[in-house]
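Biologist: Before I use the labels on this model, I would like to hear the reasoning behind them. Please take them one at a time.

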Amino acid sequence: MAISIAQLAARLGAAVQGEGTGQVTRAAALARATPECLSFLAAPRYRAQLSTTRAGAVVLAAADAPHCPVPALIVANPQLMFARALEI
C-alpha cells in the first residue's frame, strides 16, 4: 500500500522536513533504501549512512534533521514512530 509522506506524518503526529508529496510503499535500512522506502535513524552509529541514503523518507530526531538529504519525519522517538509507521 502506498502512502504519501505527508499523510504518514499526519497519522504519526510528525513534522515533515522537505517534500511531503512523495510516496513510500515499504521499509528498508538506510544503506539499502530506495526512493519508495521508509527508513529510520535512531542509533548514532548509523549517522554516516544518513548522508548517502536514497530513502523516500527517513524517520529521525530533530537533532539529525539538518543532516538529512531526503524528506524526513521528525519525531521525539524515531524507533517507536518507525514501528508505528510499519503498522500503518
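Modeller: Buried means a relative accessible area under 20%, exposed means over 50%, and partly exposed lies in between. The model is a predicted one.

Biologist: Why is Phe-82 called buried?

Modeller: Phe-82 has a relative accessible area of 10%, and the cut-off for buried is under 20%, so Phe-82 is buried.

Biologist: What makes Phe-40 partly exposed?

Modeller: Its relative accessibility is 27%. Partly exposed covers the range between 20% and 50%, so Phe-40 counts as partly exposed.

Biologist: Why is the pair of Phe-40 and Phe-82 called stacked?

Modeller: The structure holds 1 aromatic pair. The ring centres of Phe-40 and Phe-82 are 4.5 Å apart, and rings pair if their centres lie within 6.5 Å. The planes meet at 25°; under 30 degrees counts as stacked, so the pair is stacked.

Biologist: Which elements does the pair link?

Modeller: Phe-40 is in strand S5 and Phe-82 in helix H3 (residues 78–87), distant parts of the chain, 42 residues apart.

Biologist: Strand S5 also holds Cys-37. Why is there no bond between Cys-37 and Cys-68?

Modeller: The sulfur of Cys-37 is 14 Å from that of Cys-68, the closest cysteine sulfur. A disulfide needs the two sulfur atoms within 2.5 Å, so 14 Å is too far for a bond. The structure holds 0 disulfides.

Biologist: Are these two cysteines buried or exposed?

Modeller: Cys-37 has 0% relative accessibility and counts as buried. Cys-68, at 10%, also counts as buried.

Biologist: How do you know that S5 and S6 pair?

Modeller: Strands pair if there are at least two bridges between them. S5 and S6 are joined by 3 bridges and run parallel, with Leu-38 opposite Ala-57 in S6. S6 and strand S7 (residues 72–74) are paired in the parallel sense as well, over 3 bridges, and Val-59 has Leu-73 in S7 as its bridge partner.

Biologist: Which residues of S6 point which way?

Modeller: Ala-57 and Val-59 point one way, Val-58 and Leu-60 the other, and all are buried. In a regular strand, side chains alternate between the two faces of the sheet.

Biologist: What makes Thr-34 buried?

Modeller: The relative accessible area of Thr-34 is 18%, and buried means under 20%, so Thr-34 is buried. Thr-34 is in the loop between strands S4 and S5.

Biologist: With which side chains does the side chain of Thr-34 make polar contacts?

Modeller: One is Arg-26, at 3.2 Å, and another is Glu-36, at 2.4 Å. Both values fall within the 3.5 Å cut-off.

Terms used
Residues are numbered from 1 along each chain as its sequence is written. This is a predicted model: local features need pLDDT of at least 70, side-chain atom pairs count only at pLDDT 80 or more; totals for chains, interfaces and linings use all residues. Side-chain values use heavy atoms; hydrogens and water are left out. Helices (H or I, at least four residues) and strands (E, at least two) are DSSP runs, numbered from the N terminus. Buried means under 20% relative accessible area, exposed over 50%, partly exposed in between (1.4 Å probe, protein chains only). A polar contact is a pair of N or O atoms within 3.5 Å; within protein, one must be able to donate a hydrogen and the other to accept it, and residues adjacent in sequence count only if both atoms are side-chain atoms. Rings of Phe, Tyr and Trp (its six-membered ring) pair if their centres lie within 6.5 Å; planes under 30 degrees apart count as stacked, over 60 as edge-to-face and the rest as tilted.
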